[in-house]
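Open the model in your viewer and keep the selection box at hand. The tour goes stop by stop: select, look, move on.

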Amino acid sequence: MSDQRANTHAADYLVIGAGAMGMAFTDVLMTESDASVVIVDRYNQPGGHWNYAYPFVRLHQPSHFYGVNSLPLGSDTFDSSGLNQGLYELAGKNEICAYLEQVMKGFIESGRVRYLPMCEYLGDGEACSLVSGARHSLLANKTVDASYMNVNVPSMRAPAYEVGDGVSCVPPNALARLAGQHQDYVIVGAGKTAVDSCLFLLENQVNPDRITWIKPRDSWMLDRAKIQSADLFETSIRLSTLVQMRAVAESESIDDLFERISAAGQLIRIDDTVQPTMYRCATVTRMEIDELRRIENVVRLGRVKRIEPGEIVLEQGSIEVEPGTLHIDCTADGLERRPAKPVFDGNQITLQSVRTCQQVFSAAFIAHVEVAQEDEKSKNEVCTPVPHPDTDLDYLRNQLADLVNGVRWNEDASLKSWLKSSRLDGFSSAAASEESDGAFEAELENLALNAAVKLQSYLSA
């Protein structure tokens with residue numbers, strides 16, 4: 001490849017990554033400041049992992065609080081059919097990619113953003129074209145790492161286990177290209193990707209008896225009906241927040257806490273006889289749970305070690321499979337738990353979640369704090385990272401972290417005002433009355449202190 005230094009680009013900010021977080025951060029810079037930006041991305045179009053996601057994937061959350069702050073995603077309508085019926089629409093892969101491309105077009109047309117697709121960032125202000133090898137020198141006052149969360153989907157990497165010759169093992173992307181070549185299916189993994197793959201097969205009339213589901217761990221999941229904002233905010237997110245805090249505050253042990261939250265419908269599981277040990281913010285509807293319960297051939301023998309023709313070897317045993325079985329690898333950790341680091345560190349900004357599993361909101365919030373505040377210590381205090389959860393105990397850690405961050409934000413009148421007006425903050429509502437806000441905050445404040453004490457005691461035991 002050529003080492004020609006083709007271009008020098010100067011800007012106020014260098015953003016590494018044109019995924020959803022990088023786009024949400026840049027959007028707030030564009031609307032709340034006059035900053036100039038260079039965006040470097042290794043893919044040929046914005047969207048990051050969305051470009052490689054399986055075609056039937058949809059958002060976990062309603063479209064109306066995903067994307068960037070300045071441009072609505074979707075039409076704020078309710079699904080009138082299907083397994084998400086009665087709830088706000090969920091954008092799919094193609095809609096999200098087209099939306100982010102539209103956002104990028106607006107950035108470029110502003111004259112304040114230079115976009116360098118198909119370029120690998122090499123560090124120290126240097127990037128290299130993956131097509132021509134041309135080098136780019138990038139001069140910026142601050143560098144924003146929008147790639148730290150390291151989002152991966154199955155099609156972006158090989159399975160972590162051995163796959164023998166003659167075994168058909170594919171990422172979920174391949175399911176949409178099938179033409180009846182297989183009768184038997186094995187789903188490997190227990191997260192949201194596995195849930196989506198099971199539902200895809202069932203929706204396409206695959207007999208549930210022909211599906212084997214390998215679950216290394218069972219998972220707690222969120223009832224999507226409890227995270228509806230806008231017109232459903234008062235009876236969904238706001239009510240759920242109080243119910244959740246009350247369950248935590250009144251609990252007497254970790255097991256009692258999960259029992260209370262489960263009984264209140266805040267967390268749900270597919271098999272009520274199995275105690276989940278995983279939690280990754282996956283959302284489902286009650287109708288989806290009913291569908292998933294049709295799959296009875298569930299294997300709980302740990303992680304897959306090796307797949308051979310006719311046999312799958314797991315950590316705690318092995319199972320036989322029919323010849324010609326299609327294995328669907330759903331084991332990529334889409335959002336692995338990354339070590340928390342300071343968001344603001346001199347001229348370096350590292351985008352991370354500051355609210356559990358709300359990546360684009362977090363990126364937009366961080367950008368607002370960057371524009372609105374000057375003191376680095378104060379910035380980091382209100383932007384304390386909340387690492388992505390993996391285990392059931394992480395649910396407790398994240399609840400506590402969200403409580404602490406929420407108290408800090410609520411004490412700052414300007415932050416509180418920004419949150420209420422932010423499209424991406426599904427946990428506030430501009431439509432809520434002052435009377436409603438006041439009553440909610442008073443009750444929540446009473447519960448939050450007791451809940452925080454309980455969570456701290458459980459986590460330190």
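**Stop 1: cysteines without a partner**

Select Cys-330. Cys-330 is buried, at 6% relative accessible area (buried means under 20%, exposed over 50%, partly exposed in between, with a 1.4 Å probe and protein chains only). The closest cysteine sulfur to that of Cys-330 belongs to Cys-198, 7.3 Å away, which is too far for a bond.

A word on the ground rules. This is a predicted model, in which local features need pLDDT of at least 70 and side-chain atom pairs count only at pLDDT 80 or more, while totals for chains, interfaces and linings use all residues. Residues are numbered from 1 along each chain as its sequence is written, and side-chain values use heavy atoms, with hydrogens and water left out.

Now select Cys-119. Cys-119 is buried too, at 5% relative accessibility. Its closest cysteine sulfur is in Cys-128, at 7.4 Å, too far for a bond.

**Stop 2: the hairpin**

Stay with Cys-119. Which residue stands opposite Cys-119 in strand 5? The residue is Ser-129. Strand 4 (residues 119-123) pairs with strand 5 (residues 126-129) in the antiparallel sense, over four bridges. Strands here are DSSP runs of E with at least two residues, helices are runs of H or I with at least four, and both are numbered from the N terminus. Two strands pair if DSSP finds at least two bridges between them. Strand 4 and strand 5 form a hairpin with two residues between them. Select Asp-124 in the turn: its phi is positive, about 55°.

**Stop 3: the disulfide**

How many disulfides does a search of the whole structure find? It finds one, counting pairs of cysteine sulfur atoms within 2.5 Å. Select Cys-281 and Cys-357: their sulfurs are joined at 1.9 Å. The angle about the S-S bond is 75°, and the link is right-handed. Cys-281 lies in strand 13 (residues 278-284) and Cys-357 in the loop between strand 20 (348-350) and helix 7 (359-372), so the disulfide ties together parts that are 76 residues apart in sequence. Cys-281 is buried at 7% relative accessible area. Cys-357 counts as buried at 15%.

**Stop 4: the open sheet**

Show the cartoon. Five strands form an open sheet with parallel pairing, in the order 8-18-9-10-14. Strand 8 (168-170) and strand 14 (298-299) are the edges, each pairing on one side only. Further in, strand 9 (residues 185-188) and strand 10 (residues 211-214) pair in the parallel sense over four bridges. Select Val-188: its bridge partner in strand 10 is Ile-214.

**Stop 5: rings**

Display Phe, Tyr and Trp side chains. Rings pair if their centres lie within 6.5 Å, using the six-membered ring of Trp; planes under 30 degrees apart count as stacked, over 60 as edge-to-face and the rest as tilted. The count comes to 14 aromatic pairs. Select Phe-65 and Phe-427: the ring centres are 6.4 Å apart and the planes stand at 80°, so this pair is edge-to-face. The two rings are 362 residues apart, with Phe-65 in the loop between strand 2 (37-40) and helix 2 (93-109) and Phe-427 in the loop between helix 10 (413-421) and helix 11 (434-460). Phe-65 is buried, at 1% relative accessibility. Phe-427 is partly exposed, at 35%.

Two charges sit over rings (NZ of Lys or CZ of Arg within 6 Å of the ring centre and within 35 degrees of the ring normal). Lys-215 lies over the face of Trp-213, 4.1 Å from the ring centre. Arg-355 lies over Phe-361, at 4.3 Å.

**Stop 6: a ring cluster and its neighbour**

Select Trp-220, Phe-258, Tyr-279 and Tyr-395, which ring pairs link into a cluster. Add Gln-275, in the loop between strand 12 (267-268) and strand 13. Gln-275 is partly exposed, at 43%. Beyond residues up to four places away in sequence, Gln-275 touches Trp-220, Phe-258 and Arg-269 (contact means heavy atoms within 4.5 Å).

**Stop 7: the cores**

A nonpolar core is a set of buried Ala, Val, Leu, Ile, Met, Phe, Trp, Tyr and Cys residues joined through side-chain atoms within 4.5 Å. The largest has 83 residues, and Phe-25 and Phe-365 have the most contacts inside it. Select Phe-365: leaving aside neighbours within four places in sequence, its contacts include Val-354, Trp-409 and Trp-418. Apart from that core lies another, of 26 residues, including Leu-242, Phe-258, Ile-261 and Leu-444.
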